[in-house]
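Please describe this structure for a reader who has the sequence and the model at hand, moving from one helix to one chain and then to the contact between chains.

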Amino acid sequence: MSDAMLATAIPRSPWLHELPVSSAPGMRVPARIFADDVLWERMQQDRSIEQLLNVATLPGVEEAVYAMPDAHEGYGFPVGGVAAMRMDDGVVSPGGVGYDINCGVRLLISELSQNDLKGRLEPLVHDLSRSIPSGAYANPHLRLSTAELDRVLQEGSRYLVERGMATPDDLEHTEAAGSLGEADPLAVSSKARERGHDQLGTIGSGNHFVEVEVVEEIYDLAAAEAFGLALGRVGLLIHTGSRGLGHQVCTDHVRLMGGVMARYGIVLPDRQLACAPLRSPEGQHYLGAMSAAANFAWANRQTVTAVARQVFARVLGPTAGLRLVYDVAHNIAKLEEYGGQRLCVHRKGATRAFGPSHRDTPRAYRGIGQPVFIPGSMGTASYVLAGTDAALSASFGSACHGAGRALSRHMAKRAVTGGEVREQLEAKGIVVRCHSNAELAEEGPHAYKDVDRVVSVVHQAGLARKVARLRPVGVLKG
Amino acid sequence: MRRSVIPKTWGRMTMASCPVPEHDFGEHVGEERLIVRGATLGQVFVEAARGLRELYGELDQPTDDPSWRTIEVDAEDRAALLIEWLNELIYLAESEHWIPISFMIDAALPTRLRVHARGVRVASAPSQIKAATWHGLRFDCHDGMFEAEVILDV
């Protein structure tokens with residue numbers, strides 16, 4: 001990012017910087033970046049702002065493009081980027097969703113307090129690690145037939161109610177009830193199916209995890225009560241997505257759209273932003289396939305949930321309970337209404353954060369706001385927030401999705417070994433299971449930004465408000 | 001840069017013009033930046049496959065003897081061809097747990113690549129690499145050497 005471009009930035013508040021359309025050639029809307037001075041400075045050290053300006057050149061982009069305070073350089077879109085496209089003249093871009101379609105987070109809360117974990121935390125994490133495949137492992141206990149996979153792709157979590165792996169209450173507490181109606185299983189290629197057919201109920205690798213948490217601090221008592229959170233209560237945070245199936249759907253459609261952009265007269269500064277008009281056959285094909293992959297991801301997190309409930313019951317007793325607080329995506333394109341206008345909102349590493357009065361906020365949380373989860377890193381806090389009505393106009397109802405990476409994987413490994421990360425976590429009383437020391441070093445707390453600072457910006461900017469802070473006590477790393 | 005020991009199985013390549021095919025990893029805050037160099041297009045594609053293999057890290061034990069297969073990809077130019085090649089290898093690693101260990105280039109043209117690859121099947125898929133991306137993709141030629149750079153989503 002050049003100094004000349006940065007010189008055009010206008011501070012709109014202590015937490016919001018705006019780059020006008022004159023900042024770079026081809027920009028159709030301004031770029032707005034939520035960051036305090038420290039995070040703003042850090043974003044200037046990679047290509048995240050430049051990538052956001054590229055997004056602002058996409059046809060049919062509405063109002064402004066946004067970077068959340070955890071934003072960092074990605075490919076095409078920055079991670080932490082939000083852009084909404086008009087249905088009539090806008091485009092859909094697989095790069096604006098990313099390869100891990102509907103990567104997301106869900107929080108479950110138990111009936112137990114931290115005292116109930118005494119002497120049982122180690123066996124609990126051990127059993128979770130044996131029961132939930134992580135890394136690149138497939139699920140040996142659940143191989144889907146073609147017909148079963150079709151139903152997962154079409155119905156998402158809803159299909160798992162029939163299989164006894166989900167409850168109607170789970171669906172009520174999942175974004176879009178765990179099923180996007182636009183799903184078209186026929187738009188999912190055979191290659192994508194081959195990559196995903198044995199991966200349901202697995203967390204994968206990279207920054208994915210299952211974490212045992214304890215509620216450490218409460219900021220908003222009414223919201224915490226509505227979410228079922230109380231001080232010292234034990235919970236479970238699950239972070240995973242659509243696995244290889246979603247990756248292949250993205251690969252297939254970046255290729256497809258790259259081949260037709262010229263036909264639609266679309267010229268882009270970055271081929272990874274490959275896109276097609278929303279109403280074109282290619283755009284519709286992607287929406288059908290992406291929605292099917294999103295359904296697969298919700299079913300994946302629900303399957304992990306079903307297994308985790310069995311583990312909790314086995315180790316902690318049948319009254320442990322694990323009620324789903326909420327499940328929310330952070331890599332997705334959704335059709336949403338803003339001021340009577342239907343838009344396709346791309347969230348790449350950004351969480352939907354609808355407020356108390358939004359009709360898509362679950363009934364139980366009306367008047368409170370949709371739960372938003374911001375995982376920190378293995379050794380730092382994670383946060384529960386509540387969406388705000390103000391976020392609708394401030395960021396197309398979006399907030400951040402995590403702390404955001406600060407170090408590359410190579411730098412993270414040079415800074416500390418996996419063994420050292422393990423020792424540091426264990427010194428804090430955190431039980432860790434990870435198949436690879438290298439991955440532990442890559443994903444250690446030192447590789448991420450300060451989650452407290454990121455969440456503070458989200459709160460101060462009014463995108464979501466702080467409800468509770470969680471402390472990890474057990475980590476199963478992907 | 002990591003220098004490869006050139007295997008005998010590269011029989012059809014022009015070794016005289018190929019002293020140092022090599023690959024390395026550049027910095028990227030979220031993903032992996034793979035940089036490859038070679039004197040021929042074929043060397044670049046093979047070296048890219050070696051870089052991918054290095055990212056997979058330690059593999060499970062092979063489940064059977066090495067086997068040969070022919071991999072063929074097409075694209076509109078050599079940069080796009082590199083993406084297609086890597087994405088095909090990623091797909092084979094994840095869906096069949098098949099990892100190539102040596103290569104014989106049959107045809108390496110700017111828009112078409114045909115490779116006979118010898119590989120092993122391992123018990124479980126290697127650590128996940130999601131895809132080769134187009135962002136920042138380049139495939140240059142300077143002074144008779146090709147250099148390509150591609151960002152892998154990990």
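## A helix of chain A and the partner chain B

In helix α14 of chain A (residues 418–427), the buried residues are G418(A), V421(A), R422(A) and L425(A), where buried means that 20 or more other C-beta atoms, placed from the backbone, lie within 10 Å of the residue's own, exposed that 12 or fewer do, and partly exposed that the count falls in between. Because these buried residues cover an arc of only 100° around the axis, they are on the same side of α14(A), the arc being that of the directions from the helix axis to the C-beta atoms. An α-helix has 3.6 residues a turn, so residues three or four places apart point the same way. The face of α14(A) that is turned away from the buried side carries the exposed residues G419(A), E423(A) and A427(A). The elements listed below are among those that cover the buried residues of α14(A).

| Covering element of chain A | Residues |
|---|---|
| β18 | residues 431–433 |
| α15 | residues 437–442 |
| β19 | residues 464–477 |

After α14(A) comes G429(A), which has a positive phi near 80°.

The model is a predicted one, in which local features need pLDDT of at least 70 and side-chain atom pairs count only at pLDDT 80 or more, whereas totals for chains, interfaces and linings use all residues. Residues are numbered from 1 along each chain as its sequence is written, while chains are lettered from A and ligands numbered from 1 in the order in which they are written.

Chain B has two helices and nine strands, these being DSSP runs numbered from the N terminus (H or I of at least four residues for helices, E of at least two for strands), and their order along the sequence is β-β-β-α-β-α-β-β-β-β-β. Of the 154 residues in chain B, 45% are buried.

Within strand β5 of chain B (residues 98–109) lies W98(B), which counts as partly exposed because it has 18 C-beta neighbours inside 10 Å. Leaving aside residues up to four places away in sequence, W98(B) touches L92(B), A93(B), G119(B) and R121(B), a contact requiring C-beta atoms, placed from the backbone, that lie within 7 Å.

Between the chains, 26 residues of chain B are in contact with 33 residues of chain A. On the side of chain B that touches chain A, α2 (78–96) and β9 (145–153) each supply at least two residues, and the largest share, four residues, comes from α2(B).

Terms used:
Two residues are in contact if their C-beta atoms, placed from the backbone, lie within 7 Å.
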